[in-house]
Every structure is written in structure tokens, then in C-alpha cells.
Amino acid sequence: MKKNELSLHQALFENFCFYKDRIVAYSKTQAYTHQDFTDSIKALALYLLKDKEIKSIAVCVENAYTFSIVFIAAMYAGKTPVLLGNITAHTFDEIETKADMVISDLSIKETAVPSADITELLEKADMEYRALSQTDRDAFNSQCFSSLDESSPIVFYTSGTTGKSKRVNKSLKSMQIDIACSFELSDSLESIEGLRLISTVPPYHMYGLTYRIFMPILRHLPMTTYMVRYPEELSNYSMPLVLVSSPAFIKRLDTKIKAPDIRLCISAGSPLPDEAALSFYNWCQCAVTEIYGSTESNSMAHRDNRGDKPLFIPFSAVKFVKIEDGYKLDSLMSDGYSRIDDNLEFEGPHFRITGRKDKIVKIEENRVSLTQIENLLKKNPIIEDAVALVITKNQRTCIGAVCILKDKTFRQDTAQHTDNSVENITADRKAVVMTLREYLRGYLPAVAIPRYFRLVNRIPVNHMGKRITPLLEELFND
């Protein structure tokens, strides 16, 4: 069997004697072998298997090694792993509709379903597993670890066009095909002595799961357990690296620091600006391999960006089919999903992305729902109406919000008042904006909170009642 056809089960248990002493992951203080890894998976699977009431488990674990143990053990135990995406104060609202249990290494408040700290859980599971007789342990291993059903479900939650949390159902098989695609990018990686995978992104969303977790496991590529949070940390590495990162991180790089030996840099979420790609390439002599994909579609295409405006190349498992209003997807990875929300412009078999069709936008590789922002603002008791839009100020793309307040005290043209009253109104408006920002922090990641607010008497619309975007954008030109 070719390496790029390996299943997750085969990567874990086929040729076990050959891999058992290989390093799977590094923390800052210790290394974990393949045998450590599979023993922990077995112990936790047995522990989870005992609770028949638990059918699905929300995996909110930032540590890549322990995340992998929980995620894989859940599937061997017949449970559905659920990934909730970005973690905010309201991530666990209505959690009872999404999962039966939460396992986490994050500081979370009490949830409506049972929750467990991953460190304590692994300790309990390990103690119970070691207490088994060798006969019972062998019987359990034979029963549960002879295979892994490739139709095993995986559930993701991500923003939809309505702004509400959207459930996306996937399968283990589609994820494994996704990783087979990654082998098209990295054929020579396993021959590089001392190669290690580091990451600036968490594992609990589609991109993180694919390239932060599945790729190193199926590649037998050692990964770090922790996230690199600051660009300056890259200078600490002396070994050859695979860097799984994001456009936001790459754009923040200080190219004055010493460049590590980066052999492959993967980025996803939004197109990387040409100047950032060129700067990165000049810094470390490695192109940024950008992945075009989504939670629904998995990975669809890639390009090696050196700042030279390259086109995207579809992965071999993916076909784009022309339809009346754009393109649909033909891919075994998509689990029936076919809609392409971006406008694509093809040149032969390759293409560029020219924009999005819906009100989901990308800000610093984060998927942001303008509809969600608008709905949250309109639910606030001081807001009568609101519209959110993407604006660019000082060469920075961000969110702007135009709001009508219910309190008519603020619906005044400051030009009609004395200097003193203008100052009072300005102060009051600043207080309103601060209140709105604080309110939104409870629901949205920082990148989705509007950077600029405009408080107006009316929102400009055309004769059909549709908002006039150019007039809205003009409000932010001062």
C-alpha cells in the first residue's frame, strides 16, 4: 500500500514494532513515543466505552498530543467527536444540543452537559487500564482495535450565512482523503532527518485537525504539543521544520530575526497578501503553501506563494464543475457538499479567487459572519437597526458597523449644537461604542468585533429598500 493511501488505523497499528519507539510529540519538557500514544488511546477508549449514555464528545483541547488522544479514542469507543471551532464566552451556550460531554484543557465555566479536565481524565483512564489483567486487556484490544470504521462521523460547528452556529457533518474517510491530498505537497518530508512540525493554530477546527493533527500522525512526523504564539519564538528552533500557520501570523513576522530551517510552510483561512508572501520567502527561502478550502469542502486547492500572484491548483481528488452562477464541487472529501461560495476565475485548469458570494467574509484568516454581527447588534436594547461591512483603513481590512440607536437623544446632527453640546454628544457616543464593543466580546472573537462604529439617523437604502454599500463605506472615509 502506498504511503498516501494509509488509513488512520494503519498509521497507528500497522508495523507497530517498527514505529513504537518513534517520537510522536514533543512538549517543552518531554517526548512521547508512538507506544505512549497508542497506550493512552486504548486506555481512554476503554474508559469512554463504559458510559453508554455518552454518544458525542466536544473536544476543546489545545494541546495537540492530548487532543489527538481524545479525538481518536472517542472514535474507537464509538463516540462522535465534536469540534466547536473558535472558543468564546458563548461557545458552550446550548451545548446540550451539540454534544453529550465536554473534554477540555481550557478554563471553561460549568456547562449544561458533563465536562472533564483532560489531564485528570487521562490519569483515571490509565489507572483503570493498568489494573486490568493481561488477558482482559488483550481481549479488549482485540475487540476494539482490530479496525476503525471509516464511516465514523465527525461533527464541526462553524458560522453559516445566517450568522448562527452551523453544524457540518463529516466522516473519517473524507478526512483521510484530505490528508492524501497533503502528500502531493510534501513527498520528501519523511526523508528529512530531525524534521519536526510546529504550529501557530489550535487543533479544534477543520484546518487545525487536517494539518496540525492528521498530517503528522499519518506521516509519522513528530509534532509539538504546544502552539507557537509569537513570531519571535521561531528563532528558538535549530532543527528543520514544517510550519502550520496562518496569514495573520505570517504578516506579523519580524524578518530581522534569524530565520529557522523551514522546509514547508502551510497557511489557510484567507489569501496571503503578495507583499507578505514575498517577505516570508526572502526571509527563509521557503514559499508559503496556501490551502484553499472550507469546513464543508475540506481542502480543494493549493498554491506556492512567493509573492508572484500564483494561481491555485486543484488537488487531484477535486474537480470544479461549471454551473450557471459559478462552480460546484465534485469531491469525495465534501461528504455531499457541493456549493462554492467564492467567485472563481479559471485560466486553464488553475484559478484565482475574486471574492465571496455571501455575507461570510474572511478577516485575518477567520471566517466572520456579517449577518451574525448585525443580528447581535439588533438584539442589544439600545440598537434599532445595524449593518456590518468590510472596510479598509490604513491598509488594514476590518469590520465597520453602522448603527441606529433607539434613544433619540443621540439622533442629532452635531453641527446644530454649540461646541459644548458637541463635546457632550461625542463623549456620550464614545460611551455607547465602548458599551457595544464590550457586549460583542461575549459572543465574538476579537477579529470579528467592529473596529469602527458610525451612529446615524438612518441607513441609506435604494428605491427597492436595499442598502447602498458605497454610501455606507463613505461614512468611514474620515
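**Close-ups of helix α4, a pocket and a cavity**

**View 1. What comes after α4.** Just past helix α4 sits Gly 78, with a positive phi near 80°. Helices here are DSSP runs of H or I with at least four residues, strands are runs of E with at least two, and both are numbered from the N terminus. By the way, this is a predicted model, so local features need pLDDT of at least 70 and side-chain atom pairs need pLDDT 80 or more, while totals for chains, interfaces and linings use all residues. Residues are numbered from 1 along each chain as its sequence is written, and side-chain values use heavy atoms, with hydrogens and water left out.

**View 2. Helix α4 from end to end.** This helix covers residues 64-76, and its 13 residues reach 18 Å from first C-alpha to last, close to the expected 18 Å. That expected span is 1.5 Å times one less than the number of residues. At the N-terminal end, Asn 63 acts as a cap, with a side-chain oxygen 3.0 Å from the backbone nitrogen of Tyr 65. All the way along, 13 of the 13 residues are buried, so the helix is largely enclosed by the rest of the structure. Buried means under 20% relative accessible area, using a 1.4 Å probe and protein chains only.

**View 3. Zooming in on Thr 66.** You'll find Thr 66 in α4. Is Thr 66 buried or exposed? Thr 66 is buried, at 13% relative accessible area. Setting aside neighbours within four places in sequence, Thr 66 is in contact (heavy atoms within 4.5 Å) with Val 61, Ile 118 and Leu 122.

**View 4. The second largest pocket.** This pocket holds about 370 Å³ of space. It is lined by 21 residues, and the closest to its centre are Asp 36, Asp 39, Ser 40, Asp 126 and Arg 130. Two or more lining residues come from each of α3 (34-49), α4, α5 (118-131) and α6 (134-144). The largest share, 6 residues, belongs to α3. A pocket is an open set of points on a 1 Å grid over the protein atoms alone, with protein on both sides within 12 Å along at least five of seven lines; lining residues have an atom within 4 Å of a point.

**View 5. The largest cavity.** A cavity is a set of grid points where a 1.4 Å probe fits but cannot get out. This one has about 120 Å³ of space. Its lining has 13 residues, with Val 24, His 34, Pro 216, Ile 217 and His 220 nearest the centre. Volumes are the space filled by probe spheres set on the points, which are joined across faces, edges and corners.

How values were computed. Buried means under 20% relative accessible area, exposed over 50%, partly exposed in between (1.4 Å probe, protein chains only). A polar contact is a pair of N or O atoms within 3.5 Å; within protein, one must be able to donate a hydrogen and the other to accept it, and residues adjacent in sequence count only if both atoms are side-chain atoms.
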